[in-house]
Amino acid sequence: MGQGYDEGTALPSAQVELARTFAGWQAEQFDAAQCPIRNVLDRTGDKWSILILTALASGPHRFSAILRMIPDISKRMLTQTLRDLERDGYIGRKVFPTKPPSVEYRLTVLGSTLLEPLILLIRWAERSHAAIKAARSRFDADPIREE
């Protein structure tokens with residue numbers, strides 16, 4: 001039985017569905033290069049992408065506005081992450097013919113479809129943050145960690 005479940009206890013439907021999905025991938029001779037989890041979550045699972053997508057949920061923003069909204073991101077990392085999100089189709093950019101040119105970033109239709117699962121993940125992270133920090137503290141304080 002999985003961790004945290006007693007013998008004879010029904011598994012939550014999400015756990016059953018995930019176990020079935022993973023078993024199906026394995027049965028199809030799992031191709032890591034075509035794995036949607038690795039391929040999609042590699043981009044959307046990093047901290048900068050999630051923060052940028054969340055910032056753009058309120059509407060289009062210019063580069064400098066996004067930089068102010070996420071003060072601990074470097075200009076270089078913001079530029080690279082915006083390019084990656086644009087490449088994957090989550091955001092679009094519009095260049096305005098001003099001197100100097102200004103650029104505005106906005107969610108695409110595809111990017112907007114990511115907001116619903118993203119808010120569920122964010123809510124879970126907010127609810128679970130204290131428990132995760134406590135678990136890390138217990139783990140880090142354990143002097144007899146076997147490697």
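**Exercise 1.** In this predicted model, find which residue of strand 3 stands opposite Lys94, and describe the pairing around it.

Solution.
Step 1. Locate Lys94: the residue facing this lysine is Glu104, in strand 3.
Step 2. Place Lys94 in its element: strand 2 covers 91-96.
Step 3. Look at the pair of strands: strand 3, residues 102-107, runs antiparallel to strand 2, and six bridges join them.

**Exercise 2.** Work out the order of the strands in the sheet, and state which strands stand at its edges.

Solution.
Step 1. The sheet is open and has three strands, with antiparallel pairing.
Step 2. Their order is 1-3-2.
Step 3. Strand 1 (61-62) and strand 2 each have a single partner strand, so each has one side without a neighbour in the sheet. These two are the edge strands.

**Exercise 3.** List the elements of the protein chain from the N terminus on.

Solution.
Step 1. Count by type: there are seven helices and three strands.
Step 2. Put them in sequence: α-α-α-β-α-α-β-β-α-α.

**Exercise 4.** Compare the radius of gyration of the protein chain with that of a compact globule of 147 residues.

Solution.
Step 1. For the compact globule, the expected value is near 15 Å.
Step 2. The protein chain has 20 Å.
Step 3. Add the extents: the C-alpha trace spans about 70 × 40 × 30 Å along its principal axes.
Step 4. Turn to burial, with buried meaning under 20% relative accessible area: 22% of the 147 residues count as buried.

Conventions
Residues numbered from 1 in each chain as written. Predicted model: local features only at pLDDT ≥ 70, side-chain atom pairs only at ≥ 80, totals over all residues. Heavy atoms only, no water. Helix = DSSP H or I, 4+ residues; strand = E, 2+ residues; numbered from the N terminus. Rg over C-alpha atoms; globule rule 2.2 N^0.38 Å. Buried < 20%, exposed > 50% of the residue type's maximum accessible area, 1.4 Å probe, protein only. Pairing = 2+ DSSP bridges.
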